[in-house]
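Good morning, and thank you for coming. Please look at the structure on the screen while I take you through its enclosed spaces, its interior and a few single residues.

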Amino acid sequence: MTAYLSLYHSGELAERVETARSLLQNCRVCPRHCEVDRLNGELGECRTSAEIIISSYGPHFGEEAPLVGRNGSGIFFTNCNLRCVFCQNYSISQLGEGEKVSKEELAYMMLSLQNKGCHNINLVSPTHVVPQILEALEIAVKSGLRLPLVYNSGGYDSVETLRLLDGVVDIYMPDMKYSDEKTAEKLSGVKNYPAINRAAVKEMHRQVGDLQIDEDGIA
């Protein structure tokens, strides 16, 4: 059974949604801890308020084979908590290309991927919108979502926020971009990346363990 279903049926998923949403008020969703009030439209380093901005969604085949399988997957979130000068999605992550959608519309996108035969819901650049994702997930589950969730991040994630995803996310796919603090600050505009990244990856592994592949080679 997909990880989040038991949390939904026990009522704990709804509690996680409320806890996550409270992180937006004096924002500490990611390790930057901007402490802006995103619920009232203030913007921090990720340039995203309480609204969701989506660049695109649909069967995407640009990820590793165990993720995309035969039918692809992908929901690409606009903006990012990093400032990587080398980003291959620069127009999305830095220039903000995308459209604002409601939590109901994001839930519909998840269900649409399921209806198209995708193997999972691959959430690309989700770090700064975890509360919004949980809100949409709760709605989608009510309408029959059953696919595994993939958390596909740049690796600059808060352990506090990741703990809200324990039992929600099935597959983590974080970057580990740097082992040198100065290089990380120069190229991605963040401090303490190596230490924060290592702590995040350890938490991710604690939750889900090693990647499991089925008989068809799908994660």
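How do the residues of the lining of the largest cavity divide into nonpolar, polar and charged? They divide into 6 nonpolar, 4 polar and 4 charged. Before I go further, I should say that what you see is a predicted model.

Let me place that cavity in context. A search of the whole structure finds 2 cavities of 30 Å³ or more. The largest encloses about 100 Å³ of space. Its lining consists of 14 residues, and those nearest the centre are Cys27, Cys30, Cys34, Arg38 and Cys46.

The second largest cavity has a volume of about 50 Å³. Around this second cavity are Leu123, Val130, Ile133, Leu134, Leu137, Leu149, Tyr151, Leu165, Val168 and Val169. By class, that lining has 10 nonpolar residues, with no polar and no charged ones. Two elements, α6 (130–142) and β5 (149–152), each supply at least two residues to the lining. Of the elements, α6 gives the most, with 4 residues.

I turn now to the overall build. The protein has 9 helices and 6 strands. Its C-alpha atoms fill a box of roughly 45 × 35 × 30 Å along the principal axes. For 219 residues, a compact globule would have a radius of gyration near 17 Å, and the 16 Å of this protein agrees with that. Of the 219 residues, 49% are buried. Among contacts with a separation of 6 or more, 68% join residues that are 24 or more positions apart.

What, then, fills the interior? In soluble globular proteins, nonpolar side chains tend to be buried together. Here, the largest nonpolar core has 45 residues, and Ile75 and Met110 have the most contacts inside it. Helix α6 gives the most to this core, with 7 residues. Apart from this core lies another, of 8 residues, among them Cys80, Cys84, Tyr156 and Tyr178.

Which residues does Ile75 touch, leaving aside its neighbours within four places in sequence? Its contacts are Ile54, Ser56, Tyr57, Leu106, Met109, Met110, Leu113, Ile121, Asn122, Leu123 and Val124. Two of these names also appear elsewhere in this talk: Leu123 belongs to the lining of the second largest cavity, and Val124 is one of the residues nearest the centre of the largest pocket.

That brings me to the pockets. The largest pocket has a volume of about 560 Å³. Of the 29 residues in its lining, Gln88, Asn89, Val124, Ser125 and Asp175 lie nearest the centre. The elements that give two or more residues to this lining are β2 (75–77) and α4 (90–93). By class, the lining comprises 11 nonpolar, 14 polar and 4 charged residues.

The second largest pocket holds about 420 Å³ of space. It is lined by 19 residues, of which Ile171, Tyr172, Val208, Gly209 and Leu211 are the closest to its centre. Here α3 (65–68), β6 (171–172) and α9 (193–208) each supply at least two lining residues, and α9 gives the most, with 4. The classes in this lining are 12 nonpolar, 4 polar and 3 charged.

I shall finish with three single residues. The first for discussion is Ser91, in helix α4. Ser91 counts as partly exposed because its relative accessible area is 26%, which lies between the limits of 20% for buried and 50% for exposed. Leaving aside neighbours within four places in sequence, Ser91 is in contact with Gly96 and Glu97. Ser91 and Thr78 are 13 residues apart in sequence, and their C-alpha atoms are 8.9 Å apart in space.

The other two concern backbone angles. Most residues other than glycine have a negative phi. His33, however, has a positive phi, near 50 degrees, and Asn79 has a positive phi near 75 degrees.

Where are these two residues found, and are they buried or exposed? His33 is in the loop between α2 (12–22) and β1 (52–57), and at 37% relative accessibility His33 counts as partly exposed. Asn79 lies in the loop between β2 and α4. With a relative accessible area of 4%, Asn79 is buried, since buried means under 20%.

Thank you for your attention.

Methods:
Residues are numbered from 1 along each chain as its sequence is written. This is a predicted model: local features need pLDDT of at least 70, side-chain atom pairs count only at pLDDT 80 or more; totals for chains, interfaces and linings use all residues. Side-chain values use heavy atoms; hydrogens and water are left out. On a 1 Å grid over the protein atoms alone, a cavity is a set of points where a 1.4 Å probe fits but cannot get out, and a pocket is an open set with protein on both sides within 12 Å along at least five of seven lines; lining residues have an atom within 4 Å of a point. Grid points are joined across faces, edges and corners, and a volume is the space filled by probe spheres set on the points. Ala, Val, Leu, Ile, Met, Phe, Trp, Tyr, Cys and Pro count as nonpolar, Asp, Glu, Lys and Arg as charged, and the others, Gly among them, as polar. A nonpolar core is a set of buried Ala, Val, Leu, Ile, Met, Phe, Trp, Tyr and Cys residues joined through side-chain atoms within 4.5 Å. Buried means under 20% relative accessible area, exposed over 50%, partly exposed in between (1.4 Å probe, protein chains only). Contact means heavy atoms within 4.5 Å. The radius of gyration is taken over C-alpha atoms; the globule rule is 2.2 Å times the number of residues to the power 0.38.
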